[in-house]
Amino acid sequence: MSVLQSVVLNCGHKMPILGLGTWGSPPGQVAQAVADAIDAGYRSIDGAHVYQNEHEVGQGLNAKIAEGVVKREDMFITSKLWNTFHRPDLVRGALETTLKNLGTPYLDLYLIHWPHAFKEDGELFPKDDKENILFSDVDFVDTWKEMEKAVDDGLVKSIGISNFNKRQIEKVLANCRIQPAVNQFESHPYLTQKKLSDFCKSKGIAVTAYSPLGSPNRPWVTNNDPVLLDDPKIVSIASKYSKTSAQILIRYQIQRGHVVIPKSVTKDRIISNFQVFDFDLSDEDMALIDSFDCNGRICPMSSSTTHPDYPFNDEY
């Protein structure tokens with residue numbers, strides 16, 4: 001079995017550098033994927049309320065705990081507070097729902113999923129009669145203060161943010177009692193996010209890279225979109241190391257010091273994606289992969305571009 005490396009968060013907790021992502025995983029397959037991942041050596045699972053599969057994540061997790069394969073304290077479980085629950089009085093209830101769905105008394109990491117809030121007390125994606133998203137004006141700093149209380153009460157070990165830009169991170173840092181431990185954002189060779197990564201590191205904030213394989217199964221993909229896993233340059237590098245394209249893309253993030261959370265529900269791929277600790281990409285190949293950056297964002301959250309806290313209008 002590969003030796004799983006970790007990063008030490010600014011709060012002192014260790015987070016495995018490789019975890020299983022669950023965004024977009026098909027219903028009915030998530031519990032088995034989590035179980036397969038744990039059997040393969042994964043000790044970190046990344047989920048979110050909005051993925052609507054946390055109950056299945058919990059089933060897979062707790063099955064392996066019951067079998068004695070792992071103990072709860074061996075695992076690092078991440079979830080995220082959705083946009084409709086930013087209002088301070090809703091944060092605790094949303095967290096408790098996640099804990100219930102997962103069948104666990106605490107989370108290792110809880111993130112504010114996006115900096116911008118949606119209208120509360122309704123659908124996860126509330127819309128008007130013209131199909132426009134309905135926004136809320138809750139300040140994420142007020143949301144953050146409730147996240148801090150969850151740490152005080154032992155429901156969460158570490159807290160962080162997701163999809164926050166430099167300016168938004170600075171605002172949290174200027175108003176927080178507990179610093180964000182992690183910023184999770186999209187990162188892959190078409191969108192390296194070097195400036196944001198460097199900024200986070202300068203503030204002691206760990207980076208988790210989502211969509212590291214280019215999310216080829218994202219719901220809005222078109223036939224004209226480039227497929228990162230099939231990029232001839234990536235395929236060529238993979239051939240050089242006798243590895244898969246996915247293994248190269250995962251290793252690329254690890255060597256950047258990023259936590260990485262590739263998603264799969266296919267047992268063979270789950271196992272293969274974990275076999276990335278027995279080789280190193282050369283400095284030259286790392287630089288070559290860096291050069292593929294074309295600001296190719298694949299998760300633009302386009303429905304929220306008019307919200308004042310939409311994160312992708314800034315440079316980084």
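These legends describe close-up views of a predicted model.

**View 1. The open sheet and its edges.** Eight strands form an open sheet with parallel pairing. Their order is β3-β4-β5-β6-β9-β10-β11-β12. β3 (20-21) and β12 (259-260) stand at the edges. Each has a single partner strand, so one side of each is left without a neighbour in the sheet.

**View 2. The pairing of β3 with β4.** Strand β4 covers residues 44-46 and pairs with β3 in the parallel sense. Two bridges join the two strands. In one bridge, G21 has D46 of β4 as its partner.

**View 3. Helix α3 across the sheet.** Helix α3 (residues 88-102) lies across β5 (76-81), β6 (107-112) and β9 (156-162). The helix runs at about 135 degrees to β6.

**View 4. Strand β10 and its neighbours.** Strand β10 spans residues 182-186, and five of its five residues are buried. On β9, I161 stands opposite N183 of β10. The β9 and β10 strands pair in the parallel sense over two bridges. Helix α5 (residues 166-175) joins them in a right-handed β-α-β unit. β10 also pairs with strand β11 (residues 206-210), in the parallel sense over five bridges. One of the partner pairs is V182 with A206 in β11. From β10 the chain crosses through helix α6 (residues 194-202) to β11, and this β-α-β crossover is right-handed.

**View 5. A salt bridge between β4 and β5.** The side chains of D46 and K80 meet in a salt bridge, at 2.7 Å from N to O. D46 lies in strand β4 and K80 in strand β5. The two residues are 34 residues apart, and the pair links distant parts of the chain. D46 has a relative accessible area of 3%, so this residue is buried. K80 counts as buried too, because its relative accessibility is 0%.

**View 6. A salt bridge within helix α2.** K64 and E67 both lie in helix α2 (residues 54-67). They are three residues apart, about one turn of the helix. Their side chains meet in a salt bridge of 2.9 Å, N to O. K64 is buried at 8% relative accessible area, whereas E67 counts as exposed at 53%.

**View 7. The K127 and E131 salt bridge, and a network.** The side chains of K127 and E131 meet in a salt bridge at 3.5 Å, N to O. K127 counts as partly exposed, with 43% relative accessibility. E131 is exposed, with a relative accessible area of 55%. Elsewhere, salt bridges that share partners join D39, K64 and E67 into one network. The count of salt bridges in the model comes to 19.

Technical notes. Residues are numbered from 1 along each chain as its sequence is written. This is a predicted model: local features need pLDDT of at least 70, side-chain atom pairs count only at pLDDT 80 or more; totals for chains, interfaces and linings use all residues. Side-chain values use heavy atoms; hydrogens and water are left out. Two strands pair if DSSP finds at least two bridges between them. Helices (H or I, at least four residues) and strands (E, at least two) are DSSP runs, numbered from the N terminus. Contact means heavy atoms within 4.5 Å. Axes are lines fitted to C-alpha atoms, for helices over the stretch in contact, and angles run from 0 to 180 degrees between N-to-C directions. Buried means under 20% relative accessible area, exposed over 50%, partly exposed in between (1.4 Å probe, protein chains only). A crossover is right-handed if, with the strands pointing away from the viewer, the path from the first strand over the helix to the second runs clockwise. A salt bridge is a side-chain nitrogen of Lys or Arg within 4 Å of a carboxyl oxygen of Asp or Glu.
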